[in-house]
Amino acid sequence: MLRRLTTASLAIGLLAGLTTTSLPAQELVGTEMTQAGWEIHPTHFEEASANEMAAAQAIDMQMVDYATCDTGCENTFWNRCCGGDWFLDGWLDQGYTANADHPANNFNSPMGFNDRADDYQLNQLYLAFGKNIDEDCCGWDFGFRTDLLFGSDYFFVESNGLERERNGDRKWNGSGPRQAGTRALNGLAMPQLYAETFIPVGSGLKAKFGHFYSILGYETTPAPENFFYSHSYTYVYGNPKTHTGFLSEYSPTTCLTLQAGMTNGWDNFENINGAYGFLFGANWNNGVSGLSFAMHTGSEDPTGKQNRYSHTILYTRKLSSRWNFALEHDFGVQNDAFLTSTFTEEDAFYYSFVNYLYYQWSDTLSFGGRLEWFRDEDNWRILQVPIETAFTGGNYYNATLGANWKPCDHVLVRPEARYDWSDLNPTGQNGVFNDFDKDDQYTFAVDVILFF
């Protein structure tokens, strides 16, 4: 596998030329991972000084020990002094993507999420309801969360056994222009439905049970938690969107958070093969730099015999009071999923590097750039025809420049310009863009998020 990563050094410097169009700082959230693991949100920050670093280390030595917690209440299961807040959040995300080639099929494929060309998209009408757990207490606490998504983004977050049948066929969302005319343009998905508990053990143990967003990946599904309207190939094709199972979380220090759990696999609400996956994450952040690792392994095929391993490694750095940088690396392999020209089964691989650079111009305006290399080495993830004789190439690239403008608390506008190119050529075709007629693509997009 290491032989496939020799171009890593190239990706690390891909954003060196972006000097005037970057974007706001995004700060890695240390222990708040209730949405998509290691979420990164745009925020205005100040560069940490040596004194601030020393203070952070001092705090690290003062973590609460819930075994000796004394806040005037009895630390028992039934007699507790906790109670997290109830919440009801929502937004409407809608946008338009112009394609310079004006493809006849009206799709920007293989781009995901804002995949309609020269057309309005209602991406997300999103509602989230639940009760947060209270971590600042000496007793047990319980919470839950339910998320509902209606719009064109449903197609990318469906799960087998919930929105789809166990075998992946259409269930309650109707037919339409997607997937060769068999899937609706807009539909309904329930990407999260879980219960959560806080256990006063050591510095505090959290656990969730049910259906939740994956901790793999830098980007995520909820629109306000991403800087760009469009998504990277890495997120669309290289990361699971949801898991169903349980996930525990513990922070032995204020800088380090560990996660571990068991799942039904990638985007499976029901267990489709009798096998279970293992999910693990580690996140270290000192307020200036962050380093995160997340992995999932388990059998994903219907027979339960082909194991799939994938991981995300994320490095973030606050460069100054206005600049912030992030570098994401993803890797995945599935056993015996590639068919060679001699009809021999071999492992199928993908790997990627994505650079992000952000600049905070003001409290209401930010700029950003993204540069990605995604290597679908065996044509396994994007076109999903892992047969050696069916294609040549396998590299995908995207360069995106964008901005975030928030004129008021309830409105966020995200314009962007994006260029995609790829050397992959399916047999008998001229490329993968413009309905398999070109090897590159220019798109210009803008969306508006209305919060309520």
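Phenylalanine 155 is partly exposed, with a relative accessibility of 21%. Its neighbour in an aromatic pair, tyrosine 154, is buried at 0%. The model is predicted. It holds 27 aromatic pairs and 14 salt bridges. The largest nonpolar core has 19 residues.

**Aromatic pairs and cluster**

- The rings of tyrosine 154 and phenylalanine 155 meet edge-to-face, 6.2 Å centre to centre, with 75 degrees between the planes.
- Phenylalanine 155 counts as partly exposed because its 21% relative accessibility is not under the 20% cut-off for buried residues.
- Tryptophan 361 and phenylalanine 367 also pair edge-to-face, at 6.3 Å between centres and 90 degrees between planes.
- Tryptophan 361 is exposed at 52%, whereas phenylalanine 367 is partly exposed at 25%.
- Tyr154 and Phe155 belong to one aromatic cluster with Phe113, Phe156 and Tyr235.

**Charges over rings**

- Arginine 308 places its charged end over the ring of tryptophan 266, 4.6 Å from the ring centre.
- Arginine 370 lies over the face of phenylalanine 228. The distance to that ring centre is 4.7 Å.

**Salt bridges**

- Aspartate 141 and lysine 131 form a salt bridge, with 3.3 Å between the closest N and O atoms.
- This pair links distant parts of the chain, ten residues apart. Aspartate 141 is in strand S5 (residues 141-151), and lysine 131 is in strand S4 (residues 119-131).
- Aspartate 141 is buried at 1% relative accessibility. Lysine 131 is buried as well, at 13%.
- Glutamate 158 and arginine 164 join in a salt bridge of 3.9 Å, N to O. Both residues are buried.
- Aspartate 420 bridges to arginine 418, with the closest N and O atoms 2.9 Å apart.
- Aspartate 420 is buried, with a relative accessible area of 0%. Arginine 418 is buried too, at 2%.
- Asp93, Arg414 and Asp447 make up one network, joined by salt bridges that share partners.

**Nonpolar surface patch**

- A nonpolar patch of about 640 Å² lies on the surface. Its residues are Leu125, Leu127, Leu148, Phe150, Trp172, Leu188 and Phe452.
- Strands S4 and S5 each supply at least two residues of the patch. These strands also hold the two ends of the salt bridge between lysine 131 and aspartate 141.
- Tryptophan 172 sits in the loop between S5 and helix H3 (178-181).
- With 44% relative accessibility, tryptophan 172 counts as partly exposed.

**Largest nonpolar core**

- Within the core of 19 residues, those with the most contacts are Tyr233, Tyr237, Phe374, Ile382 and Tyr396.
- Helix H4 (233-238), strand S13 (323-339) and strand S14 (345-360) each give at least two residues to this core.
- H4 makes the largest contribution, four residues.

**Backbone features**

- Serine 109 and proline 110 are joined by a cis peptide bond, with omega about 10 degrees.
- Proline 110 is located in the loop between strand S3 (86-99) and S4.
- Glutamine 384 has a positive phi, near 60 degrees, and is not a glycine.
- Glutamine 384 falls in the loop between strand S15 (365-375) and strand S16 (391-392). With a relative accessibility of 52%, glutamine 384 is exposed.
- Asparagine 434 has a positive phi too, about 50 degrees, and is likewise not a glycine.
- The loop between strand S19 (425-426) and strand S20 (440-451) holds asparagine 434. Asparagine 434 is buried, with a relative accessibility of 16%.

Methods. Residues are numbered from 1 along each chain as its sequence is written. This is a predicted model: local features need pLDDT of at least 70, side-chain atom pairs count only at pLDDT 80 or more; totals for chains, interfaces and linings use all residues. Side-chain values use heavy atoms; hydrogens and water are left out. Rings of Phe, Tyr and Trp (its six-membered ring) pair if their centres lie within 6.5 Å; planes under 30 degrees apart count as stacked, over 60 as edge-to-face and the rest as tilted. Buried means under 20% relative accessible area, exposed over 50%, partly exposed in between (1.4 Å probe, protein chains only). A charge sits over a ring if NZ of Lys or CZ of Arg is within 6 Å of the ring centre and within 35 degrees of the ring normal. A salt bridge is a side-chain nitrogen of Lys or Arg within 4 Å of a carboxyl oxygen of Asp or Glu. Patches are made of residues with over 30% relative accessible area and no salt bridge: like charges are joined within 9 Å, nonpolar side chains (Val, Leu, Ile, Met, Phe, Trp, Tyr) within 5 Å. Accessible areas come from the Shrake-Rupley method with a 1.4 Å probe; for residues, only the protein chains shown count as cover. A nonpolar core is a set of buried Ala, Val, Leu, Ile, Met, Phe, Trp, Tyr and Cys residues joined through side-chain atoms within 4.5 Å.
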